[in-house]
Amino acid sequence: MNATLRMIRWDMLLQIRSHLYSATAMATLSLCLVGALLHPLDISEKLLALLLFADPAVIGLTLTGAFVLMERGNNTLLALAVSPLRGSTYVFAKIATFSGLGILSGIAVAIAASDGDLRFAIMLPSLSLTNAAAVLFGFALVTRANSVNSFLVHMSVALLIMVVPFIPYLDETSNNALLMLALIPSYSMLVLLEAGFAEASISLAQYLLNCSYVMVWIIIGWFWAVREYQNHIRLGGA
């Protein structure tokens with residue numbers, strides 16, 4: 001536990017020094033502004049969920065990757081590779097710090113977009129699950145990237161895959177082939193985020209089913225991220 005807390009503290013200090021919090025604040029303010037401008041238009045909860053989904057996509061995928069690349073550039077990862085630090089501790093610290101940022105940012109965006117008309121008891125776990133999944137996959141992607149350009153390619157492919165389920169999510173009359181895209185976890189993330197808005201018409205059973213599905217992907221992402229740490233950071237594969 002002490003090693004985990006020290007790693008979380010270390011990550012937070014590095015994030016402050018690298019002005020990552022400032023970048024997050026700017027991204028959050030931009031999304032809040034968009035949400036505030038859209039609110040008078042009385043748009044559907046599905047579109048609000050899409051706006052909110054941009055938050056874990058930015059913080060979970062982009063900023064996590066940028067932070068790990070910065071650690072690599074500063075030779076921090078080389079020091080970690082020869083330390084007794086366990087991969088699970090390193091990955092958990094990333095989830096804790098970046099998910100925390102994502103949750104705070106997501107709440108701010110959700111309030112701006114809905115004028116505070118939220119189901120907080122649902123929105124908080126929804127944001128927690130979506131951000132944790134995004135951080136894990138963002139970390140797993142960046143460990144194989146040897147440069148910024150390489151990471152941008154990986155991230156672009158990942159974002160493309162994450163965006164594809166928007167089709168069946170927005171069009172419930174999609175044919176069976178398109179409905180298969182709902183198996184991509186970003187579809188369930190959107191359902192969870194939508195459920196956090198007060199006027200969303202989602203049953204408890206549907207919410208719990210999608211929670212369970214995202215949790216399965218978080219477990220997969222956890223083992224994937226720890227494995228990537230061991231193979232591409234600790235063993236010098238990166």
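How many salt bridges does the structure hold?

1. The structure, which is a predicted model, holds two salt bridges. Each is taken in turn below, followed by the helix, core and surface features that share residues or elements with them.

2. One salt bridge joins Lys 94 to Asp 11, with the closest N and O atoms 2.9 Å apart. Because Lys 94 belongs to helix α5 and Asp 11 to helix α1 (residues 2–17), this pair ties together parts that are 83 residues apart in sequence. Lys 94 and Asp 11 are both buried.

3. The other salt bridge is formed by Glu 194 and Lys 46, whose closest N and O atoms lie 3.7 Å apart. Here Glu 194 sits in helix α10 and Lys 46 in helix α3, so the pair ties together parts separated by 148 residues in sequence. As to accessibility, Glu 194 and Lys 46 are both buried.

4. Helix α10 (residues 185–195) deserves a comment of its own, since eleven of its eleven residues are buried and the helix is therefore largely enclosed by the rest of the structure. Among these buried residues are Pro 185, Tyr 187, Met 189 and Leu 193, together with the salt-bridging Glu 194.

5. Which residues touch the most other members of the largest nonpolar core? In this core of 66 residues, they are Leu 52, Tyr 90, Val 91 and Met 123. Helix α3 (residues 45–73) gives the most to the core, contributing twelve residues. Once neighbours within four places in sequence are left aside, Met 123 is in contact with Leu 52, Ile 107, Ala 110, Leu 118, Leu 193, Gly 196 and Phe 197; of these partners, Leu 193 is one of the buried residues of α10.

6. Thr 89 is another residue of helix α5 (residues 87–114), and it counts as buried because its relative accessibility is 10%, where the limit is under 20%. Not counting residues up to four places away in sequence, Thr 89 touches Ala 3, Thr 4 and Met 7.

7. At the surface, Ile 111, Phe 120 and Leu 124 form a nonpolar patch, with about 240 Å² of accessible area together. Phe 120 lies in helix α6 (residues 120–142), and with a relative accessible area of 38% this residue is partly exposed. As background for reading the patch beside the core, nonpolar side chains in soluble globular proteins tend to be buried together.

Definitions and conventions:
Residues numbered from 1 in each chain as written. Predicted model: local features only at pLDDT ≥ 70, side-chain atom pairs only at ≥ 80, totals over all residues. Heavy atoms only, no water. Patch = residues over 30% accessible without salt bridge, like charges linked within 9 Å, V, L, I, M, F, W, Y side chains within 5 Å. Areas by Shrake-Rupley, 256 points an atom, 1.4 Å probe, with all protein chains shown as cover. Salt bridge = Lys/Arg side-chain N within 4 Å of Asp/Glu carboxyl O. Helix = DSSP H or I, 4+ residues; strand = E, 2+ residues; numbered from the N terminus. Buried < 20%, exposed > 50% of the residue type's maximum accessible area, 1.4 Å probe, protein only. Core = buried A, V, L, I, M, F, W, Y, C linked by side-chain atoms within 4.5 Å. Contact = heavy atoms within 4.5 Å.
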